[in-house]
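Please look at the sequence and the structure below, and then read the report that follows. It goes from charged pairs to the contact between two chains and ends with a pocket.

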Amino acid sequence: MTAQQTQQDSQSLATTRPEHSLESPLSVHAMTVAYNRKPVLWDVDYDTPANELVAIVGPNGAGKSTFIKACLGLVPTASGQVEFWGQSYRDARSRIGYVPQRESVDWDFPVSALDVVCMGRYRKIGWCRPVTKKHKLAAMECLERVGMHDFAKRQISQLSGGQQQRVFLARALAQESDLYFMDEPFAGVDAATERAIVEVLRALKDQGKTVITVHHDLQTVPEYFDHVILLNMRVVAAGPVAVVFTQENLQKTYGGRLTLLSEASEAIARAASGRR
Amino acid sequence: MIEFDVGLDLFPLTAGVLAAVTCGVLGNFLVLRKQSLMGDAISHSVLPGLVIAFLVSATLNPAVMFLGAALAGVATVVLIELVKKLGKVEPGAAMGVVFSVLFALGVLLIEQAAARNVDLDAGCVLYGQLEMLWWNSPPETMQEALQLKTWLGYEVEPALTDPATGEIIRDAIVRDGVPRQVTTLLAVAAATFVFVGVLFKELRIAAFDPALATTLGFNATALHYVLMIAVATATVASFEAVGSILVIAMLVCPAASARLMTDRLKPQLVWSVVFALASSVIGYFAATSVPVRFDLDSVNAAGSMTVVAGALFVLVIFVSPSHGLIARAFRRASLSKRIAYEDLVAALYRAAERGEAGLSQSQLVEMGADSHLTSAISRAVKAGEVARSGDQLSLTETGRVVAANLVRKHRLWEDYLVTRAGLAPDHVHESAEQLEHIGPAPKAGPSIDPHGKPIPGESRDT
């Protein structure tokens with residue numbers, strides 16, 4: 001098959017997928033990711049509804065982080081397409097923000113909290129230009145939104161884990177994106193930080209943004225999120241929390257891990273009674 | 001004291017300083033990426049690049065040599081990545097395999113080249129040949145020194161040829177200018193500083209958070225290779241003059257010392273340049289001027305600069321203002337002094353509460369006071385917070401205010417630990433004892449602590 005034919009094929013394929021609307025911030029079609037020839041994600045299809053808070057849940061090793069990284073082009077995909085508002089990642093890049101896992105960076109690095117938040121503005125600043133006062137002020141505002149403006153000058157190793165996570169969140173806010181990917185922002189944070197993150201998530205939703213978050217705590221899914229993707233190598237179920245966050249689907253996702261399931265069923269029951 | 005001869009010392013010193021600051025400033029990014037060994041790897045494996053470039057082109061043309069070395073530098077980085085991935089070994093092992101093999105290959109190639117009467121020497125790869133950079137005809141007057149041609153070098157008299165046979169009777173008499181090694185280093189140093197200055201923000205984000213850098217459109221892998229090319233260029237330029245040992249040391253020591261002096265990247269870059277400068281200048285004169293004073297031969301300058309760089313790092317480990325061992329010991333000592341003081345006044349407050357008139361020093365020691373007690377007592381008496389009558393110590397009115405605040409903090413913490421953290425009342429004294437010395441008190445609490453003792457009201461110093 002020639003390259004031209006392949007291109008035509010993929011084009012015709014695109015036209016035969018009506019669900020891939022231009023409004024959907026993220027459309028993933030038939031995405032497969034493999035490490036060392038072992039598939040980590042298998043044939044993933046997913047369309048994110050606009051302006052919703054989406055949780056990705058699944059057991060360890062289910063490919064949650066990999067899903068995010070593959071969408072952002074940080075790990076290569078074996079097959080499939082990823083589109084953002086109908087555009088390629090390259091074209092939509094400036095509208096997409098990313099909060100990596102906290103452990104992914106060296107917190108002894110000689111930068112202040114404000115320096116880190118300013119990094120969120122680098123794309124707006126552009127190549128080879130210095131960080132100006134205007135951008136520092138914008139970064140300060142973002143620190144203020146997560147309640148961290150008093151710590152702007154602190155070196156980042158002098159912050160607690162929760163404070164570091166809030167700095168990461170502020171950096172994402174500084175990107176002023178329309179779609180955010182967050183990799184376990186709630187992992188190992190204190191109660192105050194958890195509240196701060198939830199507030200920020202809600203504020204983002206109010207501004208019409210979409211947030212896709214890897215989340216570990218099944219209990220809080222119904223409380224914090226609108227949509228959920230149940231992931232275990234493939235998408236077990238995806239949709240509104242009220243519809244797909246069920247005992248049956250969780251059983252399919254987590255298999256026999258019963259302790260988790262009993263916690264989750266409590267949460268489902270709470271959510272159900274809340275809806276009534 | 002310090003001997004400085006323009007002819008003998010100017011160019012070797014300049015070459016050493018330029019090599020040191022160039023490698024020193026780039027080293028920051030290697031150290032921060034935890035890839036210090038990469039400088040080691042590149043500086044060794046450019047050797048086969050140099051030799052192959054020479055064997056292929058059959059000239060010592062600097063441009064060709066540069067190209068060969070830069071290519072070897074990039075090949076090293078690619079090879080290391082490949083060995084890491086395919087050999088499934090840790091990065092350090094991958095670097096070790098690649099650079100030792102390439103360096104050995106370079107040595108073998110040099111031997112082959114040497115057999116063909118070529119001026120390449122494995123020894124000067126390690127130590128360089130700084131001492132060879134003397135100036136045959138330095139300017140003798142200020143006027144001469146201010147003329148450009150003095151620095152560029154010029155022909156004094158043309159060669160004499162026999163008009164009949166065309167044979168050269170006498171070579172041309174020339175005055176030499178700045179040697180090629182120094183001009184090359186000057187250009188590379190300038191280019192390096194422009195490179196780091198212009199791409200500072202990009203290098204910083206790629207070192208700190210490569211994934212984010214890539215999603216923002218600053219391809220971290222590409223920036224990594226650009227940095228490696230810069231390191232390879234700096235290495236090659238420095239190599240011939242100062243040798244690989246100084247290059248490796250300057251890629252690590254100034255940056256490591258600078259990291260201990262500050263917690264921000266820009267000041268760190270400045271500090272690394274300061275350390276590189278200090279190591280090279282001190283090292284140079286330590287090699288040339290000092291041994292002469294003891295009637296000894298001068299030693300290898302590049303080696304001496306390396307030793308000084310290492311010595312400065314050790315010094316910084318001790319004297320750094322925030323991370324240094326001395327500063328840390330001092331902070332610990334002043335903290336335990338403060339704790340001894342606070343324990344003293346709190347103990348006297350509790351004694352007064354029990355209706356005792358005062359405590360003697362031996363009673364306080366029995367209660368567990370440590371070696372700082374004596375000095376704490378004399379400071380408290382001097383501050384007018386503790387009064388001494390005979391061997392009895394008691395609080396003055398101002399001392400009572402200070403002590404009441406401390407005891408208040410302690411008992412508020414006990415209350416907090418019982419009511420909020422759910423600890424048993426007989427388990428909280430130890431924790432509260434630590435918490436009272438650090439951090440603020442819980443905002444408010446009851447007027448009785450978990451052990452039934454009153455919590456003093458908040459009182460202010462007058």
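## Salt bridges

How many salt bridges does the rule count over all chains? The count comes to 20 over all chains, where a salt bridge is a side-chain nitrogen of Lys or Arg within 4 Å of a carboxyl oxygen of Asp or Glu. This is a predicted model, in which local features need pLDDT of at least 70 and side-chain atom pairs count only at pLDDT 80 or more, while totals for chains, interfaces and linings use all residues. Residues are numbered from 1 along each chain as its sequence is written, chains are lettered from A and ligands numbered from 1 in the order in which they are written, and side-chain values use heavy atoms, with hydrogens and water left out.

One salt bridge joins A:Asp226 and A:Lys205, whose closest N and O atoms are 3.1 Å apart. This pair links distant parts of the chain, since A:Asp226 lies in the loop between α9 (221-224) and β8 (227-232) of chain A, and A:Lys205, 21 residues away, belongs to helix α8 (residues 191-206) of chain A.

## Where chain A meets chain B

In contact with each other (heavy atoms within 4.5 Å) are 30 residues of chain A and 24 residues of chain B. Between chain A and chain B there are 4 salt bridges, and B:Arg264 and A:Asp115 meet through their side chains in a salt bridge of 2.9 Å, N to O. On the side of chain A that touches chain B, the residues divide into 18 nonpolar, 5 polar and 7 charged.

## The largest pocket

The largest pocket has a volume of about 1100 Å³; a pocket here is an open set of points on a 1 Å grid where a 1.4 Å probe fits, with protein on both sides within 12 Å along at least five of seven lines, and lining residues have an atom within 4 Å of a point. Of the 33 lining residues, those closest to the centre of the pocket include B:Glu81 and B:Pro210. By class, the lining has 18 nonpolar, 6 polar and 9 charged residues.

Definitions and conventions. Points joined across faces, edges and corners; volume = space filled by probe spheres on them. Nonpolar A, V, L, I, M, F, W, Y, C, P; charged D, E, K, R; others polar. Helix = DSSP H or I, 4+ residues; strand = E, 2+ residues; numbered from the N terminus.
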